[in-house]
Amino acid sequence: MTEASAPLAGRYSAGDLSLFTGPERDRFLGPHGVDGMKALHGDEGAWRRIEPHLVWELLYRKEPDLYERLIAGEHVHPGILDWLPVRMERCVEVAAGTGRLTADLAPRCAELIAVEPAKPLRRLLTAKKDLRKVDVRSGFFDAIPVDDDWADVVISLSSLTRNEWHGGDAGLAEMERVARGMIVLVWPSDVDWLRDRGFEYVCFDGDMAVEFRSLQEAVTLARIFYPHAIDEITSPSVSYDVLGINPPRDLAWKHVP
Ligand SMILES: C[S@@+](CC[C@H](N)C(=O)[O-])C[C@H]1O[C@@H](n2cnc3c(N)ncnc32)[C@H](O)[C@@H]1O
């Protein structure tokens, strides 16, 4: 197996943790205590113990183009775009990545701030011609660089989780601080956790598949991200069931007065 097709699990090493900035280390390594510190100093044993929590963060910083190829065929359900307001005065998108949802938000917003901690992803987002008017800022769920009550909509796609390093309760509180309208979490994880915090939940029906640009691309990316599914991939259109992930068909939202 070439390095280029190595599976995500095992793809990176402790040395790659040097890609994190100081604030990123605090967020992503801090919660792992001694193992986080040992891994940062090159201890591969400690790295293997914490690796499952960190591979995606290293992907964003070491191979942002590979992440962009992965998501190119993952389109959110059209029901989600229909559900979102047609017009927003001020919107903040947190964890905007390379701009997958930003591209749909930008034409609807008078002002749009896209917050994203990973510099390599911000660079890809900023390079997109259609997104030139978007105000792209560095920040985290628990440190959003926007004034209190600034946005009528604060939104995020496929990013916030209950874990403190991906937002957690502090991240939700910070989104509420910035919002005076609503918070929307598209393709949420931890739906019950969100319901307990006052969120409503909407899910849209219909078959959904990842539309890779070719069969070859589907197989290449599956070797890295979905090795268990390779034998079942026979076309560029691959059902989410085959990949073993839930499709981007749902959202959780909360009114913030
Ligand atoms: C699965 S990606 C989704 C990116 C983008 N929303 C999309 O759908 O393509 C998760 C994103 O969350 C960001 N992220 C991770 N931890 C974060 C945190 N604590 N605060 C803000 N963003 C975070 C990552 O940098 C990455 O852009």
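Which residue is the bridge partner of Val92 in β4? The points below answer this and then extend the account to the rest of the predicted model.

1. The partner in question is Val154, which pairs with Val92 across a bridge to β4. On the neighbouring strand β2, Val92 stands opposite Ile113. Val92 can therefore be followed in two directions, towards Val154 of β4 and towards Ile113 of β2. Glu93 offers a further point of reference, since this residue stands opposite Ile155 in β4.

2. The pairing of β1 with each of these strands is parallel. Between β1 and β4 (residues 151-157) there are three bridges in the parallel sense. Between β1 and β2 (residues 109-115) there are six bridges, and these two strands also run parallel. As general background, the strands of a sheet pair through backbone hydrogen bonds, in either a parallel or an antiparallel manner.

3. The surroundings of β1 deserve a separate remark. Of the seven residues of β1, five are buried, so the strand is largely enclosed by the rest of the structure.

4. The sheet as a whole is open and has seven strands, in the order β3-β2-β1-β4-β5-β9-β6, with mixed pairing. The edges are taken by β3 (135-137) and β6 (200-203); each has a single partner strand, so one side of each is left without a neighbour in the sheet. On average, neighbouring strands of this sheet are turned by 20 degrees against each other, direction ignored.

5. Helix α8 (residues 168-178) packs on this sheet and touches β1, β4, β5 (179-186) and β9 (250-256). The direction of α8 makes about 140 degrees with that of β5.

6. The edge strand β6 contains Tyr201. Why is Tyr201 counted as partly exposed? Its relative accessibility is 29%, and a residue is called partly exposed because its value falls between the 20% limit for buried and the 50% limit for exposed. Leaving aside residues up to four places away in sequence, Tyr201 touches Pro188, Val191, Arg195, Asp250, Leu251 and Ala252. The C-alpha atoms of Tyr201 and Ala9 are separated by 32 Å, and the two residues are 192 residues apart along the chain.

7. The largest pocket holds about 1100 Å³ of space. It is lined by 47 residues, and those closest to its centre are Trp56, Tyr60, Ser158, Ser159 and His166. The elements giving two or more residues to this lining are α1, α3 (44-62), α4 (64-71) and β1 (88-94). The most comes from α3, with eight residues. By class, the lining of the largest pocket comprises 26 nonpolar, 12 polar and nine charged residues.

8. Ser158, one of the residues closest to the centre of the largest pocket, is placed in the loop between β4 and α8. Ser158 is partly exposed, with a relative accessible area of 37%. Its phi is near 55 degrees, a positive value in a residue other than glycine.

9. A positive phi is also found at Trp187, where the angle is near 55 degrees in a residue other than glycine. Trp187 belongs to the loop between β5 and α9 (191-195). Is Trp187 buried or partly exposed? At 11% relative accessibility, Trp187 counts as buried.

10. Arg11 is a charged residue in the segment before α1 (22-28). At 13% relative accessibility, Arg11 counts as buried. Residues up to four places away in sequence being left out, the contacts of Arg11 are Glu3, Ala4, Ser5, Ala6, Glu51, Glu63, Leu66 and Ile224.

11. Glu217 is located in helix α10 (residues 215-225). With a relative accessible area of 7%, Glu217 is buried. The C-alpha atoms of Glu217 and Ser235 are separated by 10.0 Å, and these residues lie 18 residues apart along the chain.

How values were computed. Residues numbered from 1 in each chain as written. Predicted model: local features only at pLDDT ≥ 70, side-chain atom pairs only at ≥ 80, totals over all residues. Heavy atoms only, no water. Helix = DSSP H or I, 4+ residues; strand = E, 2+ residues; numbered from the N terminus. Buried < 20%, exposed > 50% of the residue type's maximum accessible area, 1.4 Å probe, protein only. Contact = heavy atoms within 4.5 Å. 1 Å grid on protein atoms, 1.4 Å probe; cavity = no way out; pocket = protein on both sides within 12 Å on 5 of 7 lines; lining within 4 Å. Points joined across faces, edges and corners; volume = space filled by probe spheres on them. Pairing = 2+ DSSP bridges. Axes fitted to C-alpha atoms, helices over the stretch in contact; angles between N-to-C directions.
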